[in-house]
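Student: Please take a close look at one part of this model, namely any enclosed space and the residues that surround it. I should then like to see how the account carries over to contacts elsewhere in the chain.

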Amino acid sequence: MTIPEFEVGAVPFNPDGWGPLDSSSTTGSNVPFASFSRSDKLGRIADFTRNLNNQTHNRNNNRNNQNPIDSVFDFSADDSFSTLTADHDNSFRLVDGKPAPRPKFGPKWRYNHHHPRNLLPQRRDEEVEAKKVQAEKDRTRRDRLYHMNRTGNNFHQRREAAVFKSSVEIQPEWNMLDQIPFSTFTKLSYSVAEPEDLLFCGALEAYDRSFDRITPKNERRLERFKNRTFFKVTTTDDPVIRRLANEDKATVFATDAILSTLMCASRSVYSWDIVIQRVGNKLFLDKRDGSQLDLLSVHETSQEPLPESKDDINSAHSLSVEAAYINQNFSQQVLVKEGKKVAFDEANPFASEGEEVASAAYRYRRWKLDNDMFLVARCELQSVLDVNDKRQFLTVNALNEFDSKYSGVDWRQKLETQRGAVLATELKNNANKLAKWTAQALLGSADMMKLGYVSRVHPRDHFHHVILGVVGYKPKDFASQINLNMNNMWGIVKSIVDLCMKLNEGKYVLVKDPSKPQVRIYEVPADAFENDYVEEPLPEEEQAQPPSEDAVNALSSEISVAATDVEDKEIDAVP
């Protein structure tokens, strides 16, 4: 293989000095050459970035302010470049740079400057980082509100404009003995052993499983059970508890409704009161006749204020009465019609002979609080269910929707697809009520707690309701879900009992402050809250005369119901 030779050519030699010879024969005839003086500054060997288009315009406009560095590379005045320029212009062909015509039909896509894929890399990173920071702020805020709602410390800073009234009127002769803030309740803890069943009374009807398949699309009307009697008997009026007290079965006596109120006191907002009677070495926890404990609070822990007018159907009092009415009827409607009843050791201790009573069983249980201190409580169950040939006891309660504008969640739209969101909203707005229901189910050792979702037919109609769904929960699982600690609840009860056992014999009342997260203990007279007295008839001249016609027209339509133990008086009809 032969390698081609490379000819260098003749290189002239200058014997007189450095550089090429002065002879014109050594200069290339086809190479453009422009001389420059020593004063010209050479910043670069060649400049490929200069725009030489429209040279005539640039030459006329920039002659005076031309950069001296660029003047070295300006060969526009040299005639030696004219030939090259002409050849270049002849070979140039104009290309159409107009965009292609857009079709008249079809999707019209627009360029989105804010879309992430159209951002520069640096700008896109900044956007992603900003979104991360905002998401972290939102998460921190949600966690803070979540923990504050769980502990109940934020419940009492809400609705500053609303003014709550005390559940009982504090008399001037009452003596305040102690004041306990709720912050001390959260630190308490006490463990108790499994309770002992002393007696089972009443009869239960079976639960109808068809109600578990109810959805907002196939809702059912809530029925009324006017013929059935519901009992809300306090501790000292219970004949079974009186018998157990005479037999010296325990030291402390209460009901599940009273114990659950104490156990969940730190979650409460509305005022409530419990009557405490110290008799010998025994302690009775009672409620007053017509007490707030007989009703169910609605929207108690919500941030949205309710109307303050008592006549408004959405006021706190009206909603409490409506919720109690719904809860009673719902607990009887979900039972099997004309089914067999499960009877227990004794009949209903509060029912008269031949009276139709609601399905209810009373479980009298005893807990050991200390070496020489026992507590007996009456726990209530509403229904029974046979699962795999095993009997399960149920508690039945109902949540009620009165107006979706207050809660922010429409049950008819969200209950079937987002049941968790509906329950979370109810846990936020009714934390105390749900905690008390869970505590009562745990005290009665219920196997299942059924929660019904009942709504008004129309937001302005508080007499007619429909059932939108029924859900079942295991009490222990639901308690852990709502952060309800059993040891903490028994710690609260134990501290209150220890405090009351140090008091002298007499009557006391434990009142939740209407505006502050605390409870107060008052010493009251022995005849306080007593209604079992008979009034002496007044002389005829001191009796109230019938009102005039003008006064009759001004009378309110609301009629107050007198207590059953008070002697009835005959009043002449007003013409």
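Tutor: For sorting a lining by chemistry, Ala, Val, Leu, Ile, Met, Phe, Trp, Tyr, Cys and Pro count as nonpolar, Asp, Glu, Lys and Arg count as charged, and the others, Gly among them, count as polar. The model is a predicted one, and what follows should be read accordingly.

Rolling a probe the size of a water molecule over the atoms shows where empty space is left. In this structure there is one cavity of 30 Å³ or more, and the volume of the largest cavity is about 70 Å³. Its lining is made by Val 298, His 299, Asn 400, Glu 401, Phe 402, Asp 403, Ser 407, Trp 411, Glu 426, Asn 429 and Asn 430. By character, three of the lining residues are nonpolar, five are polar and three are charged. The nonpolar members are Val 298, Phe 402 and Trp 411, while Glu 401, Asp 403 and Glu 426 are the charged members. The polar members are His 299, Asn 400, Ser 407, Asn 429 and Asn 430. Two elements, strand S11 (390–401) and helix H10 (419–429), each contribute at least two residues to the lining.

One lining residue, His 299, merits separate attention. His 299 sits in the loop between strand S6 (282–286) and H7. Although His 299 is not a glycine, its phi is positive, at about 60°. His 299 is classed as buried because its relative accessibility of 3% falls under the 20% limit for burial. Asn 483 offers a counterpart in backbone terms, for Asn 483 also is not a glycine and has a positive phi of about 60°. Asn 483 lies in the loop between helix H12 (475–481) and helix H13 (486–501), and its relative accessibility of 42% makes it partly exposed.

The loop that carries His 299 runs to H7, and helix H7 (residues 316–333) leads on to the ionic contacts. There are 17 salt bridges in the whole structure. In one of them, Glu 322 pairs with Arg 456, with 2.8 Å between the closest N and O atoms. Glu 322 belongs to H7 and Arg 456 to strand S12, so this pair ties together parts that are 134 residues apart in sequence. Both partners are buried.

Strand S12 (residues 448–458) also holds Lys 450, which forms a salt bridge with Asp 212 at 3.3 Å between the closest N and O atoms. Asp 212 is in the loop between strand S2 (196–205) and strand S3 (220–221), and the two partners are 238 residues apart. Their surroundings can be contrasted: Lys 450 is buried, at 9% relative accessible area, whereas Asp 212 is partly exposed, at 34%.

The loop between S2 and S3 contains Asn 218 as well. Asn 218 is partly exposed, with a relative accessible area of 40%. Its C-alpha is 9.2 Å from that of Ile 467, although 249 residues separate the two in sequence.

A further salt bridge joins the side chains of Asp 513 and Arg 520, at 2.2 Å from N to O. Asp 513 is buried at 6% relative accessibility, and Arg 520 is buried at 16%. Elsewhere, Glu 205, Arg 228, Lys 341 and Glu 356 form one network through salt bridges with shared partners.

Other covered regions complete the picture. Val 252, in strand S4 (residues 252–255), is buried at 0% relative accessibility. Val 252 and Val 497 are 245 residues apart in sequence, yet their C-alpha atoms are 7.9 Å apart in space. Helix H6 (residues 256–263) is mostly covered, with seven of its eight residues buried; among them are Ile 258, Leu 259, Leu 262 and Met 263.

The surface supplies a contrast. Phe 6, Val 8 and Val 11 make a nonpolar surface patch of about 410 Å². Val 8 is located in the segment before helix H1 (55–61), and with 67% relative accessibility Val 8 is exposed.

Definitions and conventions. Residues numbered from 1 in each chain as written. Predicted model: local features only at pLDDT ≥ 70, side-chain atom pairs only at ≥ 80, totals over all residues. Heavy atoms only, no water. 1 Å grid on protein atoms, 1.4 Å probe; cavity = no way out; pocket = protein on both sides within 12 Å on 5 of 7 lines; lining within 4 Å. Points joined across faces, edges and corners; volume = space filled by probe spheres on them. Helix = DSSP H or I, 4+ residues; strand = E, 2+ residues; numbered from the N terminus. Salt bridge = Lys/Arg side-chain N within 4 Å of Asp/Glu carboxyl O. Buried < 20%, exposed > 50% of the residue type's maximum accessible area, 1.4 Å probe, protein only. Patch = residues over 30% accessible without salt bridge, like charges linked within 9 Å, V, L, I, M, F, W, Y side chains within 5 Å. Areas by Shrake-Rupley, 256 points an atom, 1.4 Å probe, with all protein chains shown as cover.
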